[in-house]
Amino acid sequence: MTVSGRKQECRRDLWAVAAAIGLVVLAVVIGRVLNRTVYGSEGILRLGWPPLYAWWLPHIGPGTPAALAVAALVVVRGPSTARRLSWRVLVPSVWGAGSPSG
């Protein structure tokens, strides 16, 4: 591939990222406007920060060492394992590694 072809691909990727960011920002703005104007001062959307539905609550508990071990294993061995596995095995494996424990 030529240098100009790589630059064109990079531009396409940047446009895709910009479009994704724009869609998230649009969803946040529309959600806030609807929440304030259509549904009154209380609002119906009960999210800490749209479009996320979560609270930032880092903590250490009995599962922390296991979570850190799984994370390290996925970082070190994940790419090579993902290249070797079939899709039927890879998808449930990724789901299992990424599922929250609590």
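About 300 Å³ of space lies in the second largest pocket of this predicted model. Two elements, α2 and α3 (87-98), each give two or more residues to the lining of that pocket. In total, 13 residues line the second largest pocket, and V74, G78, T81, S93 and A97 are the ones that lie nearest its centre. The most is given by α2, with seven residues in the lining.

Helix α2 can be followed further. It covers residues 64-84, which makes 21 residues. At 1.5 Å a residue, a helix of this length should span 30 Å, and the end C-alpha atoms of α2 are 29 Å apart, so the two values agree. At G78, α2 bends by about 60°, and G78 is also one of the residues nearest the centre of the second largest pocket. A proline, P79, follows within four residues of the bend.

Another part of the structure is helix α1, made of residues 3-38, where I21 has its place. Together with V17, V25, V29 and V33, I21 makes a nonpolar surface patch of about 420 Å².

Terms used. Residues numbered from 1 in each chain as written. Predicted model: local features only at pLDDT ≥ 70, side-chain atom pairs only at ≥ 80, totals over all residues. Heavy atoms only, no water. Patch = residues over 30% accessible without salt bridge, like charges linked within 9 Å, V, L, I, M, F, W, Y side chains within 5 Å. Areas by Shrake-Rupley, 256 points an atom, 1.4 Å probe, with all protein chains shown as cover. Salt bridge = Lys/Arg side-chain N within 4 Å of Asp/Glu carboxyl O. Expected span 1.5 Å × (residues − 1). Bend = angle between axes of the 7 residues up to and from the residue. 1 Å grid on protein atoms, 1.4 Å probe; cavity = no way out; pocket = protein on both sides within 12 Å on 5 of 7 lines; lining within 4 Å. Points joined across faces, edges and corners; volume = space filled by probe spheres on them.
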